[in-house]
Structure formats: C-alpha cells, structure tokens
Amino acid sequence: MLIYPKINPIAIQIASFKVYWYGIMYMLSFMWFAIAAKLRIKKYPHEFLNNKLIDDLLFYAAIGVIVGGRLGYCFFYQTEFYINHPIDILKTWQGGMSFHGGLIGVLLAIYLFARYHKQNFFVIADFVAMFIPVCLLLGRLGNFINAELPGRFVSNPHLWWATIYPNSGSLLPRHPSSVYEMLGEGVLLSIILFYYANKERRVSSISGVFLLSYGVIRFILEYFRMPDSFLSDLVNEFGISMGQILSTPMIILGLIVLYYSKFQTIRKI
C-alpha cells in the first residue's frame with residue numbers, strides 16, 4: 001500500500017510568477033510532438049509534411065487543444081456556472097481542461113490546416129493521431145502530481161499499488177485512477193497505434209482506430225475514476241459519468257471512420 005507523495009503543484013516560483021507542473025506537461029507534450037513527428041518523417045518521408053509544416057501544424061494544434069480543452073471543460077462539465085461567470089473561463093490557473101474538448105479543438109485545427117494547404121483532412125489526422133497518446137500520458141502525470149483523479153473505489157489494502165490520498169479527506173486506500181489512465185490512454189494506446197501504423201494502411205484507418213480505442217479505454221477506466229463532486233448526481237442517477245457520455249460518440253465515430261476507410265487508398269502513414 002502506498003501513500004500519495006505530497007508534491008507541490010508549483011514547479012517554479014519567482015516572486016508572484018508561478019510555473020505549474022501541469023503547464024510544464026503541456027509544454028513537454030508539444031515538444032514531444034515536434035521531435036517525434038520530425039523523426040517519423042525522417043524515417044518514413046511523408047507525402048506532404050516536412051519539418052517546417054510540422055512546426056506550423058503544431059502551432060494550429062496547440063491553440064486547438066488549449067482553447068478546446070478549456071471550453072470543453074467549462075461547457076461539458078460546469079455549463080451553468082461558466083454561463084453565469086464567463087470571466088472565469090479565462091482563469092486557467094484554477095485548473096479545468098477536458099480531453100474531449102481538446103480533441104474537438106485539435107480536429108478543427110487540423111481541418112483548417114488541411115484546408116489552407118488543400119490537403120486531405122485524414123492524411124494529416126492519421127499522422128497526428130499516432131503521437132497523441134504520449135501527450136495524454138504527460139497530461140495524466142500532471143493530474144497525478146496535482147493529486148487529482150483519486151480512485152472511485154476503495155481497494156484491498158494488500159494491493160501494493162493501492163494509494164491513500166490524504167488530501168481527499170479519506171485515509172482509505174483507493175485505486176490510483178490517474179496511474180491507470182497513464183497506462184491505458186498513454187502506454188496501451190501508443191502500442192496499439194504504432195503497431196497498427198507499422199504497415200501500410202488505408203487513409204483514415206489510423207484515425208478510426210484512435211477514436212475507437214481511446215473511447216473504449218476511457219469508457220472502461222471511468223469506472224475507476226472518482227467523478228467530480230458537481231457531477232455526482234449524474235453518476236448516482238444513471239450509473240455513468242460525463243467521461244463515458246462523451247466517449248460514447250467517439251466509439252461510434254471511430255466505427256464510422258473505419259468503415260469509411262474501406263473506400264480509401266492504401267499508403268504508409
């Protein structure tokens with residue numbers, strides 16, 4: 001059994017200027033994409049993307065994930081509050097980002113990027129999808145550092161990874177759901193995508209596999225995750241979480257995109 005190591009969420013502080021670990025995780029995610037994507041096209045030259053265009057694509061995607069992630073959290077999870085307090089949307093230092101909102105933002109960014117360069121949306125989306133899981137892993141690491149996402153269920157104290165979160169107001173050991181999400185959304189999803197992309201595939205198939213796999217993994221892991229206190233009524237009444245509600249369309253869309261891929265050309269991603 002483990003006790004959560006109390007970690008200061010502020011990595012660097014100079015006077016009133018603060019740099020949070022969660023923000024650093026976002027910066028590391030952007031760096032990962034820039035480096036890994038360039039190494040990928042060096043080994044497997046892309047029909048369109050080059051180093052300069054990857055930098056441009058990262059700029060589009062970074063704006064998409066930050067704006068989409070913030071707006072997604074505000075309006076998927078606390079709609080009434082942020083409608084009544086719109087200025088609080090800008091208070092990102094208080095926390096609150098949504099993967100599903102960030103995904104919508106990134107998809108819109110890819111669409112605008114592809115349209116500007118007169119390219120196939122899925123040719124770009126397939127390429128980007130392979131690098132997202134590591135970004136998710138880093139984001140979940142930020143959740144762990146902030147002692148966020150304690151497990152919903154009390155676990156057997158003899159389970160060596162059972163974790164006590166003192167800040168949660170309970171001294172009972174719980175499943176560390178942020179670690180589960182690091183392993184599921186980060187490690188497992190990376191393995192699935194890179195294994196699948198190791199061969200020539202039809203255009204849009206990688207995007208379909210990403211949407212389907214993430215949706216299923218997130219839906220399952222939501223059972224271990226403590227729902228936000230302001231959404232507990234949803235869980236109590238229907239037995240499902242907002243994350244599961246938002247992941248269901250991803251699963252359906254993933255199946256649709258995979259079916260659509262049957263009619264596309266085969267190429268190396």
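Here are a few questions and answers on the salt bridges in this predicted model.

For ground rules, residues count from 1 along each chain as its sequence is written, and side-chain values use heavy atoms, with hydrogens and water left out. Local features need pLDDT of at least 70 and side-chain atom pairs count only at pLDDT 80 or more, while totals for chains, interfaces and linings use all residues.

Q: How many salt bridges does the structure hold?
A: The criterion is a side-chain nitrogen of Lys or Arg within 4 Å of a carboxyl oxygen of Asp or Glu. By that cut-off, the count is nine.

Q: Glu47 and Arg267 meet in a salt bridge, so how many residues apart in sequence are the parts that the pair ties together?
A: Their side chains sit 2.6 Å apart, N to O. Glu47 is in the loop between α1 (21-43) and α2 (51-77), and Arg267 is in strand β6 (residues 266-267) (helices are DSSP H or I runs of at least four residues, strands E runs of at least two, numbered from the N terminus), so the parts tied together are apart by 220 residues.

Q: Which residue of that pair is buried?
A: Buried means under 20% relative accessible area, exposed over 50% and partly exposed in between, with a 1.4 Å probe and protein chains only. Glu47 comes out exposed at 55%. At 10%, the buried one is Arg267.

Q: Which helix holds Arg218, the salt-bridge partner of Glu181?
A: The Glu181–Arg218 contact is 4.0 Å, N to O. Glu181 belongs to helix α7 (residues 177-196), and Arg218 to residues 205-221, which is helix α8.
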